[in-house]
Amino acid sequence: MSDADEGWEDENPERLYVITGGRSGSSGKSASLDLVTLIVSKNSPKPGMQPEHATIMRLCHSPLSVAELSAYMRLPVSVLTVLLGDLLTDSRVVARAPVPPAQLPDRALIEAVIHGLQKL
Amino acid sequence: MDFKSSETLVEHPAEGPRTEDELPDSAAAAVKVVIVGGFGVGKTTLVGSVSEIRPLTTEETMTQAGVGVDDTIGVERKTSTTVAMDFGRISLNDELVLYLFGTPGQQRFWFLWNGLFDGALGAVVLIDTRRLEVSFDVIGRLEERGVPFVVAVNSFPDAPVHPVEEVRAALDLPADVPIVDCDARLRPSSRDVLMTLMRYLHSLAVA
Ligand SMILES: Nc1nc2c(ncn2[C@@H]2O[C@H](COP(=O)(O)OP(=O)(O)O)[C@@H](O)[C@H]2O)c(=O)[nH]1
Ligand SMILES: [Mg+2]
């Protein structure tokens with residue numbers, strides 16, 4: 001099992017920089033993405049897309065959280081959210097936002113969680 | 001979008017979830033719970049014992065301008081720190097998904113906490129009675145941020161057994177914060193920890 005102190009072995013800042021074109025994910029559409037926002041593609045990847053964009057669209061044919069995408073693509077969350085921002089702007093994927101914090105703690109929500117855990 | 005990109009992913013396309021690990025299209029929203037504690041306290045074990053998928057690892061990079069570090073060549077250096085978090089998933093029903101994130105509790109990881117705790121239902125502070133120190137800062141930090149939490153005492157064979165009230169006193173916890181014993185390797189035990197957190201959250205919501 002991986003220890004949370006270790007990074008992925010092949011961390012390569014240049015590669016990450018190239019993937020995002022040097023952009024950071026702190027503004028625009030990327031800013032509203034949470035680790036547990038679910039991403040779903042609207043259609044299949046188009047030929048000629050940036051490979052990372054195409055990979056996201058392929059993986060998200062069923063809903064996948066930002067955290068899972070980051071894990072499968074081995075990309076830091078900050079890099080991934082930049083790429084997702086592009087796809088959201090182009091309406092190629094949709095984001096299903098997490099249950100908003102303002103509603104927490106919400107009794108009905110907590111009851112749904114308890115009910116779900118009872119089935120484990 | 002037409003610039004040349006890293007070829008790594010072209011040559012080795014990222015593998016996605018196994019078919020049986022895919023979420024149904026009805027999955028509409030997710031919630032998260034954070035498991036926090038020192039190294040080796042059993043966070044990954046707990047996540048893995050209740051998760052429906054093999055625990056995955058996500059990573060975040062923080063870049064900061066180097067302050068007085070290694071500036072012998074007179075150029076401002078950027079240092080980047082990478083932190084990995086293990087996480088798992090539980091589908092609660094057709095629409096709602098719970099994610100569990102195991103997060104290091106040490107102070108040097110706190111920059112990570114901002115996004116992580118925003119919108120989290122609550123937290124489990126996992127402790128090992130042989131090393132209570134790590135937990136003090138974490139608990140203070142959660143209280144400051146107003147994140148509701150429960151404490152789970154992971155039972156290691158050679159750890160001294162402390163009655164719950166002793167742990168409460170040692171950690172200076174308010175009377176209403178639940179403390180439970182657990183064996184993170186066992187699914188029922190880990191599930192009980194999550195249940196304890198949810199019942200606690202429910203009591204807060206009612207109040
Ligand atoms: N005896 C015992 N061992 C445990 C328990 N939980 C975890 N471990 C072991 O402790 C070690 C560290 O656990 P891990 O989950 O990797 O800790 P983390 O660093 O907090 O993620 C592993 O070898 C686990 O098998 C427990 O409840 N009882
Ligand atoms: Mg771990």
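The exercises below concern helix packing and the chain interface in a predicted model.

**Exercise 1. Helices H3 and H4 of chain A**

Task: Find how H3(A) and H4(A) are oriented to each other, and which residues make the contact.

Solution:
1. Locate the helices: H3 of chain A covers residues 51–59, and H4 of chain A covers residues 66–73.
2. Take the geometry. The two axes are 11 Å apart and form an angle of about 125 degrees.
3. Classify the angle. Roughly perpendicular covers 65 to 115 degrees and roughly antiparallel begins over 145; H3(A) and H4(A) are therefore oblique to each other.
4. Add the hand: the crossing of H3(A) past H4(A) is right-handed.
5. List the residues. H3(A) contributes A:Glu52, A:Thr55, A:Ile56 and A:Leu59, while H4(A) contributes A:Leu69, A:Tyr72 and A:Met73.
6. Sort them by class: the contact of H3(A) with H4(A) has 5 nonpolar, 1 polar and 1 charged residues.

**Exercise 2. Helices H3 and H5 of chain A**

Task: Determine the orientation of H3(A) to H5(A) and the residue classes in their contact.

Solution:
1. H5 of chain A spans residues 77–89, and its axis comes within 10 Å of that of H3(A).
2. The axes cross at roughly 80 degrees. The class from 65 to 115 degrees applies, so H3(A) is roughly perpendicular to H5(A).
3. On the H3(A) side the contact is made by A:Glu52, A:His53, A:Ile56 and A:Met57. On the H5(A) side it is made by A:Leu80, A:Leu83, A:Leu84, A:Asp86 and A:Leu87.
4. By class, the residues of this contact are 6 nonpolar, 1 polar and 2 charged.
5. Compare the lists from both exercises: A:Glu52 and A:Ile56 of H3(A) appear in the contact with H4(A) and in the contact with H5(A).

**Exercise 3. The interface of chains A and B**

Task: Describe the extent of the interface between chain B and chain A, and its salt bridges.

Solution:
1. Count the residues: 68 of chain B are in contact with 61 of chain A.
2. Take the area. The two chains bury about 5,500 Å² between them, with 64% of it on carbon and sulfur atoms.
3. Count the salt bridges. The whole structure has 13 over all chains, and 3 are found across the interface of chain B and chain A.
4. Examine A:Asp34. This residue forms a salt bridge with B:Lys32, with the closest N and O atoms 2.9 Å apart.
5. Examine A:Glu68. Its salt-bridge partner is B:Arg89, and the closest N and O atoms are 2.8 Å apart.
6. Place this second pair: A:Glu68 lies in helix H4 of chain A and B:Arg89 in strand S3 (residues 78–91) of chain B, so the pair joins two chains.

Note on methods:
Residues are numbered from 1 along each chain as its sequence is written. Chains are lettered from A and ligands numbered from 1 in the order in which they are written. This is a predicted model: local features need pLDDT of at least 70, side-chain atom pairs count only at pLDDT 80 or more; totals for chains, interfaces and linings use all residues. Side-chain values use heavy atoms; hydrogens and water are left out. Axes are lines fitted to C-alpha atoms, for helices over the stretch in contact, and angles run from 0 to 180 degrees between N-to-C directions. Helices (H or I, at least four residues) and strands (E, at least two) are DSSP runs, numbered from the N terminus. Angles under 35 degrees count as roughly parallel, over 145 as roughly antiparallel, 65 to 115 as roughly perpendicular and the rest as oblique. A crossing is left-handed if the near helix is turned anticlockwise from the far one by less than a right angle, and right-handed if clockwise. Contact means heavy atoms within 4.5 Å. Ala, Val, Leu, Ile, Met, Phe, Trp, Tyr, Cys and Pro count as nonpolar, Asp, Glu, Lys and Arg as charged, and the others, Gly among them, as polar. Buried area is the accessible area (1.4 Å probe) that two parts lose on being put together, summed over both. A salt bridge is a side-chain nitrogen of Lys or Arg within 4 Å of a carboxyl oxygen of Asp or Glu.
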